[in-house]
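Visitor: I am new to protein structures and would like a close look at a single part. Could you take me through the salt bridges, one pair at a time?

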Amino acid sequence: MRTTTLGELEVGRIGLGAMGMSHGYGGAGSDDEESIRTIHRAIELGVTLIDTAEVYGPYINEELVGRALKGHRDAVVLATKFGLISHEGGDGADSSPANVRAAVEGSLRRLDVDHIDLCYQHRVDPNTPIEDTVGAMAELVAEGKVRYLGLSEASAGTIRRAHAVHPITALQSEYSLFTRDPEDGVLAVLAELGIGFVPYSPLGRGFLTGQIRSVDQIASDDFRADNPRFVAENFARNLELVGIVEAVAAEVGATTGQVALAWLLSRGEHIVPIPGTKRRERVEENVGADEITLTADQLQRLDSLPPAAGAHHNEAQMQMIER
């Protein structure tokens with residue numbers, strides 16, 4: 001697989017999001033051994049960016065990733081996130097300096113590593129100035145516990161303020177054919193400052209794979225059950241949009257998900273999507289997107305897709321996203 005850079009970090013062009021291995025999607029539950037085999041297969045295929053967070057589980061996803069990386073630590077860029085759990089007795093988002101340190105120390109223990117390659121603030125904390133948060137993160141860099149810093153779902157203004165305190169290596173935000181929000185100023189700021197971009201949910205939480213054809217496929221304990229894009233009145237409209245992607249995929253001889261990822265890769269050199277999966281065959285499929293070249297006509301048709309119906313998070317989660 002081709003490589004690119006996020007700031008000074010060299011990574012494979014497609015990463016792996018580990019969240020779904022132990023968090024969020026409900027249904028039959030997790031299979032840790034298959035998840036570990038999936039991470040190992042990803043590494044074999046050239047995937048180097050592995051993404052987790054303390055809130056996934058909570059905590060158990062970091063433990064799982066830590067077990068999977070035994071004997072493979074030097075082959076990966078390990079990323080995790082803090083800020084949605086308070087270790088200081090608070091409730092909800094907390095990126096206070098004391099909580100930053102407590103969270104990172106906990107992540108190091110669960111991952112069983114001596115440093116984190118890329119440490120993100122998971123969501124901007126409205127109660128803590130970003131300068132204070134990044135200052136605390138910079139102290140951890142100076143101590144060797146963190147190598148590079150990232151933000152998630154931050155606005156252009158916050159990115160500039162953070163970068164002025166300490167270089168920001170990557171921004172992780174939702175971006176896909178269904179979610180184009182970062183094109184409204186954020187991508188331009190990243191390019192200006194030399195910051196890489198890591199799109200999460202690049203396959204629209206599975207919608208853009210073409211494998212979801214009915215709302216009945218979503219289990220009641222799946223977090224997508226209350227996602228506005230998966231409710232009946234929006235589902236049918238979004239399925240029509242997937243049909244356009246499927247038509248391009250048929251022309252290319254690829255899967256719908258591969259076309260969605262190839263489109264993302266075409267958006268810029270320093271964009272590294274992190275599709276999530278817990279199955280080896282899906283990793284193999286996703287990595288195959290790196291070999292796909294879309295024509296100018298195909299890209300134009302995908303670029304022209306109308307907006308997806310419904311917000312990309314429920315109301316409570318949308319309030320945590322800085323715009």
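Guide: Happily; here is a walk through some of the salt bridges, with a short stop at a pocket afterwards.

Please keep in mind that this is a predicted model. The count of salt bridges in it comes to 31, and a few of them will give you a good feel for the rest of the walk.

Let's start with Asp117 and Arg73. Their side chains meet in a salt bridge, with 2.9 Å from N to O. Asp117 sits in strand S6, which covers residues 116-121, while Arg73 is in the loop between helix H2 (60-68) and strand S5 (77-82). The two residues are 44 apart in the chain, and the pair links distant parts of it. Are these partners buried or exposed? Asp117 has a relative accessible area of 2%, so it is buried. Arg73 has a relative accessibility of 16%, and because buried means under 20%, Arg73 counts as buried too.

Now compare that with Glu246 and Arg213, whose side chains also meet in a salt bridge, here with 2.8 Å from N to O. Glu246 belongs to helix H7 (residues 232-252), and Arg213 to the loop between S9 and H7. The partners are 33 residues apart in sequence, so this pair ties together separate parts of the chain. As for the surroundings, Glu246 is partly exposed, with a relative accessible area of 26%. Arg213 is partly exposed as well, at 41%.

Some salt bridges go beyond a single pair. Arg101, Glu105, Glu139, Glu143 and Lys145 are joined into one network by salt bridges that share partners.

One more pair is worth finding on your screen: Asp222 and Arg224. Their side chains meet in a salt bridge at 2.8 Å, N to O, and both residues are buried.

Finally, the pocket. The second largest pocket holds about 230 Å³ of space. It is lined by 15 residues, and those closest to its centre are Leu190, Ala191, Ile195, His270 and Ile271. Strand S1 (3-6), helix H6 (186-193) and strand S9 (196-200) each supply at least two residues of this lining. H6 gives the largest share, with three residues. Sorted by class, the lining has seven nonpolar, six polar and two charged residues.

Key. Residues numbered from 1 in each chain as written. Predicted model: local features only at pLDDT ≥ 70, side-chain atom pairs only at ≥ 80, totals over all residues. Heavy atoms only, no water. 1 Å grid on protein atoms, 1.4 Å probe; cavity = no way out; pocket = protein on both sides within 12 Å on 5 of 7 lines; lining within 4 Å. Points joined across faces, edges and corners; volume = space filled by probe spheres on them. Helix = DSSP H or I, 4+ residues; strand = E, 2+ residues; numbered from the N terminus. Nonpolar A, V, L, I, M, F, W, Y, C, P; charged D, E, K, R; others polar. Salt bridge = Lys/Arg side-chain N within 4 Å of Asp/Glu carboxyl O. Buried < 20%, exposed > 50% of the residue type's maximum accessible area, 1.4 Å probe, protein only.
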